Amino acid sequence: MDQFLNSIKQQFPTSQVDNLGFWQSGAETGSVASALSITPLSQYTLLSVVGPDGHKFLQGQTTCDWNKITSSQASLGSYCNIKGRVVSSFLGFVTAEEHVQLRLRSDILDSSRETLSKYIVFSKAKLHANHDQLIGLGVFGADARQALMQFSDTLPESLWQSVTRNDMTFIQADDKGQRFECWVTEPHALAIWDALSKTATVADSSKWEQDNIDAGIAEVCTATQDVFLPQMLNYQRVGAVSFTKGCYTGQEIVARMEYRGKLKRRMYRASLSGVAPAPGADLFQGDGSQSIGNVVSAVATDTGCTLLAVLTEDAVAAGDIQLAESVSTLKIETLPYAVGE
């Protein structure tokens, strides 16, 4: 990705990657409501599992059902510690025979690889950091599908469906067919960029995160590892947890919460005036000193910021939720799926 970003530096000389991994163009190139936008997905990288036992290994380690992840179907998922807390969240997909990819936040690549390396030693598979050196691009907007048809005669047709053609993997990231992740080799990345950036809005990659927030899709980064149960992040609502696949690390805790527990904290979407808080930031009720939740992710908007936060149900019912030393209160927004038991 670094080499690709250097390649487009001439087009965007003031572009940079911020401390959370998001690419900033440093220039306004069009409306965020454009019918076609493109951005480098610099906040992500791939942890590759290469070998005949890739699916089998991940089936015994992660929350999603790898029997359902194929060359044409991706899935959200997570790896938990033995206490059921999410250590890594990812999008799992297949790019070639015996080549499985975990698309995750770049800042947890090393820790995720180190953790999984402890358990893969007896499998016929190896872990690699982005084995095929693929670059992630986000292409989105009403014209996204039409724009990508010049690079592949077949594209996904439904949420998390994937299509691989000529070292290019396209994954549909919404129900409407207006958001696509493209994982491609550098020559293909440059070709797509050169063709689309001439007329498309070149967006900061935080815009992709804003759309994730609107969709209620939570991702774990360094600041939020080992903090949340999958259900706190609504992973059971977005297909990231299977309760029928069998055992995996942390499964007993996750299943017990689903069938016997009372979930006291869950994730909500909210808006807030002021600067976007950092992931993991504590939230409080009024002047209270006891944390009632944590920020999962947040991005700046024209009116302040939009965010996902895990909060107690009682705090949401009572309102007056604030960051430390802030007078602005959270406004709870709707999610595109039901939140609750």
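1. How do the residues lining the largest cavity divide into nonpolar, polar and charged? In this predicted model, the lining divides into seven nonpolar, two polar and two charged residues. About 90 Å³ of space lies in this cavity, and the residues around the space are Leu-76, Gly-77, Ser-89, Phe-90, Arg-103, Ile-217, Ala-218, Glu-219, Tyr-235, Val-238 and Ala-240. Strands E5 and E6 each supply at least two residues of the lining.

2. The largest cavity is one of four cavities of 30 Å³ or more that the structure holds. The second largest has about 50 Å³ of space and is lined by Leu-20, Phe-22, Arg-105, Glu-209, Pro-279, Ser-297 and Ala-298, a set that by class comprises four nonpolar, one polar and two charged residues.

3. As background to the next point, nonpolar side chains in soluble globular proteins tend to be buried together.

4. The largest nonpolar core here has 39 residues, and the members that touch the most others are Trp-160, Leu-233, Tyr-235, Met-267 and Val-296. Several elements contribute at least two residues each to this core, namely strands E4 (44-50), E5 (75-80), E6 (86-96), E16 (291-301) and E17 (304-312), together with helix H6. The largest share, three residues, comes from E6, a strand that also supplies at least two residues of the lining of the largest cavity. Tyr-235, too, appears both among the core members with the most contacts and in that cavity lining.

5. Met-267 deserves a separate look. Once its neighbours within four places in sequence are left aside, Met-267 is in contact with Gly-216, Ala-218, Met-232, Leu-233, Asn-234, Val-296, Leu-308, Ala-309, Val-310, Leu-335, Tyr-337 and Val-339. A second, separate core has 26 residues, including Ile-135, Leu-137, Val-184 and Trp-193.

6. Turning to charged side chains, a search of the whole structure finds twelve salt bridges. One of them joins Arg-165 to Asp-153, with 3.8 Å between the closest N and O atoms. Arg-165 belongs to strand E10 (residues 162-165), while Asp-153 sits in the loop between helix H4 (144-148) and E10, twelve residues away. Arg-165 is partly exposed because its relative accessible area is 33%, whereas Asp-153, at 62% relative accessibility, counts as exposed.

7. Asp-211 takes part in two of the salt bridges described here, with Arg-179 and with Lys-207. The closest N and O atoms are 3.9 Å apart in the pair with Arg-179. Because Asp-211 lies in helix H6 (residues 206-215) and Arg-179 in strand E12 (residues 179-184), this pair ties together parts that are 32 residues apart in sequence. Both Asp-211 and Arg-179 are buried.

8. In the pair of Lys-207 and Asp-211, the closest N and O atoms are 2.9 Å apart. These two residues both lie in helix H6, where four residues, or about one turn of the helix, separate them. Lys-207 has a relative accessible area of 16% and is therefore buried, and Asp-211 is likewise buried, at 15%. Elsewhere, Arg-103, Arg-105, Glu-181 and Glu-219 are joined into one network by salt bridges that share partners. Of these network members, Arg-103 and Glu-219 line the largest cavity, and Arg-105 lines the second largest.

Notes
Residues numbered from 1 in each chain as written. Predicted model: local features only at pLDDT ≥ 70, side-chain atom pairs only at ≥ 80, totals over all residues. Heavy atoms only, no water. Salt bridge = Lys/Arg side-chain N within 4 Å of Asp/Glu carboxyl O. Buried < 20%, exposed > 50% of the residue type's maximum accessible area, 1.4 Å probe, protein only. Core = buried A, V, L, I, M, F, W, Y, C linked by side-chain atoms within 4.5 Å. Contact = heavy atoms within 4.5 Å. 1 Å grid on protein atoms, 1.4 Å probe; cavity = no way out; pocket = protein on both sides within 12 Å on 5 of 7 lines; lining within 4 Å. Points joined across faces, edges and corners; volume = space filled by probe spheres on them. Nonpolar A, V, L, I, M, F, W, Y, C, P; charged D, E, K, R; others polar.
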